[in-house]
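Let's take a walk through this one together. Have the coordinates open and turn them as you read.

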Amino acid sequence: MDALIHQFFNLDIMGRALPLVLTGLRMTLLLCLIVIPLGLAGGLLFALASLSGSRTVRWGMIVVIDFFRAVPPLVLLIFVYSGLPFAGIRLSPIVAVAVAFFLNTSSYYGEIYRAGLDSIGRGQWDAARSTGLSALSTLAHVVLPQAIRNVLPDLVSNTVEVVKLTSIASVVGAARNALFRRHGALGHLQRLANRACGSNLSRHAMAGGPTDQPA
Amino acid sequence: MNAFLDTFFKPNLIAQYLPSILKGVLTTIEIAFAVVITGLALGLLLAVVRSFQIKPLNALIVVFVDMFRALPPLVIVLIVYFGLPNVGVSIPSFAVLWLVLSLVLASFAEEIFWAGILSVPKGQWEAARSTGFTFLGTLGNIVLPQAVRLTVPPITNRTVAITKNTALGTVIGVPEILNQATTAQSFSGNATPLMMGALAYIILFIPVVAFGRYLETRFAWRRS
């Protein structure tokens with residue numbers, strides 16, 4: 001029991017690691033601030049496209065959305081971060097995270113928005129259009145507000161998932177194929193906590209993160 | 001165009017690394033099946049235990065479930081794999097991934113099954129009990145069949161999401177698809193193995209995602 005407390009809840013180590021964990025927390029928040037609005041906006045685009053009048057666009061969107069829902073986010077992230085440089089596209093860790101998350105979360109948000117838009121009766125469209133509203137204002141003022149209210153719980157729980165998912169950004173924080181090496185541009189919660197101190201695990205209990213190197 | 005093919009679909013590299021990617025596919029499938037079976041079984045068990053309404057036990061279940069739902073799976077994997085050895089418990093990486101993902105799936109499944117059980121009207125319970133069914137008989141024969149049916153779409157979605165997390169095994173060295181692909185990529189200095197890995201995931205998961213889509217329309221709420 002003592003060993004457990006010493007290893008996982010060591011106050012001394014916690015005190016030393018706290019500033020780094022807080023820096024990591026700021027990074028996590030920053031990532032969320034980039035990734036969530038991008039996903040919400042992209043999802044709306046995906047949803048509108050998948051309800052388009054053109055059959056080709058509709059089927060295309062199903063393929064795109066199912067593709068990004070089938071690929072694990074970590075695979076997508078590693079592909080963007082360490083696969084694309086071979087094609088001459090070199091992205092900084094934060095941009096790579098933004099791109100990978102945009103594709104992944106937009107697909108999930110897109111499906112949720114689509115369910116919401118589906119739930120609004122055709123009559124709402126017809127009535128709004130016949131009062132003289134343009135298609136865009138019908139969408140913005142009549143259909144979307146109702147649709148979003150219908151799927152709000154799903155949007156919120158998906159957002160929670162996205163926040164948790166930002167933890168995988170720690171993987172690209174370090175050099176290619178050297179996961180969790182001690183250098184790298186992206187200081188994420190775990191990696192920073194990791195760097196803080198030798199071989200004590202209290203920082204995990206605090207931040208929840210990797211310990212010493214798997215390398 | 002040729003440069004593109006050489007970077008992402010180089011034929012000799014495809015041939016060279018196909019066996020190791022396939023080995024990864026096998027590992028991924030093994031873990032996924034193990035996780036789905038133990039995770040769903042444990043989740044159902046917890047939901048059944050919770051329906052007995054034993055206060056201290058329920059509190060424990062809620063704490064356990066909420067903890068595993070709040071922590072990112074990657075974090076739990078790393079704590080178990082790198083943390084527990086320091087207190088003398090070392091578990092092989094394959095087992096760590098299986099254990100952690102099972103517990104995460106169990107937590108989500110418990111919540112979904114519990115919601116399903118709650119959604120069965122109280123009258124069903126009372127009617128069954130008054131015909132002489134025992135508590136367990138009612139639960140097993142009357143309530144659960146109705147509850148589980150209702151939970152099929154959310155359970156499927158959640159299960160798919162958790163099985164995709166098998167890719168997290170790569171950070172602790174489980175030789176699944178992503179791990180094989182990144183290893184092959186660093187040996188060959190070419191993105192072809194990564195592309196193969198991504199394709200392997202697509203082939204594995206597209207049918208599952210499509211099945212989820214079908215379930216969603218099949219079990220969709222009738223809206224007025």
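Two residues count as being in contact if their C-beta atoms, placed from the backbone, lie within 7 Å. With that in hand, start at Leu103(A), which touches Phe68(A) and Leu76(A) once residues up to four places away in sequence are left out. This leucine is found in helix H5 (residues 93-118) of chain A; helices (H or I, at least four residues) and strands (E, at least two) are DSSP runs, numbered from the N terminus. A residue is called buried if 20 or more other C-beta atoms lie within 10 Å of its own, exposed if 12 or fewer, and partly exposed in between, again with C-beta atoms placed from the backbone. Leu103(A) has 22 such neighbours within 10 Å, so it is buried. Its C-alpha atom is 39 Å from that of Gln7(A), a residue 96 positions away along the chain.

A word on what you're looking at. This is a predicted model, in which local features need pLDDT of at least 70 and side-chain atom pairs count only at pLDDT 80 or more, while totals for chains, interfaces and linings use all residues. Residues are numbered from 1 along each chain as its sequence is written, and chains are lettered from A and ligands numbered from 1 in the order in which they are written.

How confident is the predictor about chain A? The score is pLDDT, the predictor's confidence in each residue, from 0 to 100. Chain A has a mean of 80, with 80% of its residues at 70 or more. Residues 174-201 of chain A stay under 50, though the model has 91 contacts beyond four places in sequence for them. Residues 208-215 of chain A also stay under 50, and there the model has 33 such contacts. Where pLDDT is low, the predicted coordinates should not be read in detail.

Now for the overall build. Chain A has nine helices and zero strands, and buried residues make up 41% of its 215 residues. Chain B likewise comes to nine helices and zero strands. Its radius of gyration, taken over C-alpha atoms, is 22 Å, well over the 17 Å that the globule rule gives for 224 residues, so chain B is more spread out than a compact globule. That rule is 2.2 Å times the number of residues to the power 0.38. The C-alpha atoms of chain B fill a box of roughly 75 × 55 × 25 Å along the principal axes.

Where do the chains meet? On the chain B side, 34 residues are in contact with 34 residues of chain A. The largest share of that side, nine residues, comes from H9(B).

Next, look inside. A nonpolar core is a set of buried Ala, Val, Leu, Ile, Met, Phe, Trp, Tyr and Cys residues joined through C-beta atoms within 7 Å. The largest one has 93 residues, and those with the most contacts inside it are Val75(A), Leu77(A) and Val77(B). Its largest share, 15 residues, comes from helix H5 (residues 93-119) of chain B. Of the 27 residues of H5(B), 20 are buried, so this helix is largely enclosed by the rest of the structure. Beyond its neighbours within four places in sequence, Val77(B) is in contact with residues including Val96(B), Leu97(B) and Val100(B).

Finally, swing round to Gln53(B), in the loop between helix H2 (11-51) and helix H3 (55-70) of chain B. Gln53(B) has a positive phi of about 60° although it is not a glycine. Most residues other than glycine have a negative phi.
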